[in-house]
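Visitor: I am new to this structure and would like to learn how its features are read. Could you take me through them step by step?

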Amino acid sequence: MRRQVLSLIVENNSGVVSHISGLFSRRAFSMDSFTAGHTADPRFTRVIIVVNGDERELDQIKKQLAKLEDVVDITELTPNESVCRELMLVKIKADEQSRQPIITATLEIFHGHIRDAAPDSLIVEITGDQGKLDAFLTILSEYEILELARTGLTGLTRGTKDVKNF
């Protein structure tokens, strides 16, 4: 099993996300993460999909995605040639005694931000790769996590060689 991050440029048409998710459903492929957002060109949307599978499954996923008429380009984001990040917001129960250790872990160790402070809780924002976010959650395991939201992975290739003008 191998993890693969695919960056798709798709035409900004209604139903394109449905077409992509339908393909995964019909073919019984699973997605670990799916994010979509505007590009610099309003005609296109960037979709980042994280999948796991053997080489045959991953190859099949790319071939099937390439057949969709709204898909303009597919690029694999490899760890050495791309920058990938995820955003996580965590609401943590924090009284006077636990507040300072949480703040220290957030700001000094993980370079996060306190986005909200209430008398009984903190909302922390952490951005980084999945390993960093998972490590932060491990540090927080002794505290009560009230709510958690993760955006899913997003990323771009390094440099200009993969930049395409459509």
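Guide: Let us begin with a term that will return often: two residues are in contact when heavy atoms of theirs lie within 4.5 Å. Please keep in mind throughout that this is a predicted model.

Visitor: Which residues does S121 touch, leaving aside those up to four places away in sequence?

Guide: With those sequence neighbours not counted, S121 touches K91, I92, K93, A94, R99, D116 and L146. S121 itself lies in strand β7, which covers residues 121-128.

Visitor: Is S121 buried or exposed?

Guide: A residue counts as buried when its relative accessible area is under 20%. S121 has a relative accessibility of 8%, and therefore it counts as buried. In the protein as a whole, 37% of the 166 residues are counted as buried.

Visitor: How should I read the overall order of helices and strands, and how many of each are there?

Guide: The protein has four helices and nine strands, and if you follow the chain from the N terminus, the elements come in the order β-α-β-β-α-β-β-α-β-β-α-β-β. The C-alpha trace spans about 55 × 30 × 30 Å along its principal axes.

Visitor: What share of the contacts with a separation of 6 or more joins residues 24 or more positions apart?

Guide: Such pairs, 24 or more positions apart, make up 71% of the contacts in the protein that have a separation of 6 or more. A case to look at is S82 in strand β5, residues 82-93: its C-alpha atom is separated by 5.6 Å from that of L156, although the two are 74 residues apart along the chain. Apart from residues up to four places away in sequence, S82 touches L77, L156, T157 and R158. With a relative accessibility of 4%, S82 counts as buried.

Visitor: How far apart in space are I145 and I123, C-alpha to C-alpha?

Guide: They are 9.9 Å apart in space, with their positions 22 residues apart in sequence. I145 is found in strand β8, residues 145-150, and because its relative accessibility is 34%, it counts as partly exposed. Leaving out residues up to four places away in sequence, its contacts are V90, K91, L137 and L140.

Visitor: Where should I look for a positive phi in a residue other than glycine?

Guide: One of the places is A28, whose phi is near 60° and which lies in the loop between α1 (16-26) and β2 (33-38). Another is H111, with phi near 55°, in the loop between α3 (96-109) and β6 (113-118). For exposure the cut-off is a relative accessible area over 50%. A28 therefore counts as exposed at 67% relative accessibility, and H111 is exposed with a relative accessible area of 59%.

Visitor: How does one find empty space in a model, and what volume does the largest pocket have?

Guide: The general idea is that rolling a probe the size of a water molecule over the atoms shows where empty space is left. Here the largest pocket has a volume of about 400 Å³. Its lining is made of 19 residues, among which I9, R46, V163, K164 and F166 lie nearest the centre of the pocket. The elements giving two or more residues to this lining are β1 (2-11), β3 (44-53), β4 (71-76) and β9 (154-157).

Visitor: And what can be said of the surface and the charges?

Guide: The accessible surface of the protein comes to about 9,800 Å², of which 50% belongs to carbon and sulfur atoms. As for the charges, the mean position of the 20 positive ones and that of the 25 negative ones are 6 Å apart.

Methods:
Residues are numbered from 1 along each chain as its sequence is written. This is a predicted model: local features need pLDDT of at least 70, side-chain atom pairs count only at pLDDT 80 or more; totals for chains, interfaces and linings use all residues. Side-chain values use heavy atoms; hydrogens and water are left out. Buried means under 20% relative accessible area, exposed over 50%, partly exposed in between (1.4 Å probe, protein chains only). Accessible areas come from the Shrake-Rupley method with a 1.4 Å probe; for residues, only the protein chains shown count as cover. Lys and Arg count as positive and Asp and Glu as negative; His and the chain ends are not counted. The place of a charge is taken as NZ of Lys, CZ of Arg, CG of Asp or CD of Glu. On a 1 Å grid over the protein atoms alone, a cavity is a set of points where a 1.4 Å probe fits but cannot get out, and a pocket is an open set with protein on both sides within 12 Å along at least five of seven lines; lining residues have an atom within 4 Å of a point. Grid points are joined across faces, edges and corners, and a volume is the space filled by probe spheres set on the points.
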